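Colleague: I should be grateful for a close look at a single part of this model, with an account of its surroundings. Please set it out for a first-year student.

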Amino acid sequence: MAVAFTEIQETIRMVQMESLDIRTVTMGISLRDCADSDFKKVQENVYNKITTYAANLKPVAEQVEKEYGIPIINKRISITPIAEILGNHTPKEAVELAKTLDQAAKKVGVDFIGGFSALVHKGITKGDQTLLDALPEALSVTERVCASVSIGTTRTGINMDAVKQLGTIIKETAENTKDNSSIGCAKFVAFCNPVEDNPFMAGAFHGAGEGEAVLSVGVSGPGVVLNALKRYPDVDLGEVSDIIKKTAFKITRAGELLGREVAKRLDVPFGIMDLSLAPTNAMNDSVAEILEEIGLERVGTHGTIAALALMNDAVKKGGAMASSYVGGLSGAFIPVSEDNGMIKGIEDNSLTLSKLEAMTCVCSVGLDMIALTGDVSPETLSAIIADEAAIGMINKKTTAVRVIPVIGKTEGDTVEFGGLLGRAPVMGVNPFSSAKMIQRGGRIPAPLQALIN
Amino acid sequence: MQKRAVVSVLGKDQVGIISKVTTVLANNHMNILDISQTILQDFFTMIMLIDIKDTADLDHLMKDFKVIEEELDLTISIQLEDVFKSMHRV
């Protein structure tokens, strides 16, 4: 059946006026065969493998983008969690390996490489500890390397010893990069229930269940959803959900088509399609504004969670029908610094840290790109991570924490991260201490929800 | 198999748009299968379905269009038809 004139116009409008784009094509590469007792050899293996497998990622993606006329914004790489190949190497060597990854990313022209990671949700191996020790330096001496650490899952509970360490690691990273708005922390995520096939940064890694190489796609489009809703200002919430669902469906179909084409041309299997509404600082490309369009005067007010839950669910439903392999985080991201509506919500004192925490119960990830006052204590950072992890653990969902304690800034200041990362108002934290709880350490046992066999 | 692309032209209405755009297509040996045009509040919108043999030709075509885009202040885009099919047809 021929495509109608109005449908062609709709697609063109989505791309040219409503910021429809493929947010990322991410190539997952297994590095397990790169391990070696000789460190030089590890570096060489890792560099060669990445630059060979991903050599054509950027040119191929750009060619497909041109032919189909839908922009592919980012080309990225995710790799096996590095802790798994560290073996007996030292933290110093781990930092060197991060530099190698940085160079490999530069060589193939990708802006981020994710997977300087460790999975320590139950216990910490030698290699994991080496990676944790290397993190603050690795994050500050590299530009494109993203790191993540899994500290809890529904099946294992929360490893509070690791959570305790992360508070210190984040604080140290902030200090190391204080001349640059503590930007090192923007490349680090703490996860509960991480997914192995997430194509979005900074939390992407190539999980243990994945194949040799795989191509996954992350599609976005808050702008498209927002504009679709604007055309129906007075419909009831059931119809709002339906409009979001239909829009998500179309966006996902476009993403899957392009993703499969890129995968075919690179001769790697197509992994998953992650449909996540990920905002950018572009005009109207905001998740917060969708919530406001649904009927909130300002994001953060009463009703925000209900609106977000409706939207997140509708996005999933539309996406699930449109693609055979939906995966990753699929839902809605609520990063503060990358969303003009969220920034405004905070500036107008409508949106608070507690509300953001509550919102993470019903959206796809967690506290994301939030600037905190520079004098926050490591224990408080750990406690923030523990709270988020508990939400994820009990609700059997992914939650994450990517917060940036901006050294030298206090509540009410604004910090510019630049580029994709945007800008953020600095938020204060609860002044009362959580240190005693964090000092206790140990593990929070797996919840009743885990006992499902 | 026949491969088709959609060319869309947007811009301020003026003399010679269709002629110039179609000349480029003719010079690139591309057959126009369908054409539709409207004026929306002074804005000229034309959408054409064209027959293309292989996608390598598209690069050349885009270069040629670039010249008219600048000369007449238009936005011209070319997209393979599949993308519309997959977005709007199940």
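Modeller: Let us begin with one pair of residues: A:Val219 has A:Leu275, in strand S8 of chain A, as its bridge partner. The model is a predicted one, and the description that follows should be read in that light.

The pairing just named belongs to a longer contact. Strand S7, residues 213–219 of chain A, is joined to S8(A) by 4 bridges, and the two strands run parallel. S8(A) also pairs with strand S9, residues 331–332 of chain A; there the sense is again parallel, and the bridges number 2. Within that second pairing, A:Leu277 stands opposite A:Ala332 of S9(A). S8(A) thus has S7(A) as one partner and S9(A) as another.

How many of the residues of strand S8 of chain A are buried? The strand covers residues 270–277, and 8 of its 8 residues are buried, so S8(A) is largely enclosed by the rest of the structure. As a general point, side chains in a regular strand alternate between the two faces of the sheet.

Burial also applies to two cysteines of chain A. A:Cys146 has a relative accessible area of 1% and is buried. A:Cys363 is likewise buried, at 1% relative accessibility. Over all chains, the structure holds 0 disulfides. A:Cys146 takes part in none, and the nearest cysteine sulfur, that of A:Cys185, lies 13 Å away. For A:Cys363, the closest cysteine sulfur is in A:Cys361, at 8.7 Å, which is too far for a bond, because a disulfide requires the two sulfur atoms to be within 2.5 Å.

Technical notes: Residues numbered from 1 in each chain as written. Chains lettered and ligands numbered in written order. Predicted model: local features only at pLDDT ≥ 70, side-chain atom pairs only at ≥ 80, totals over all residues. Heavy atoms only, no water. Buried < 20%, exposed > 50% of the residue type's maximum accessible area, 1.4 Å probe, protein only. Pairing = 2+ DSSP bridges.
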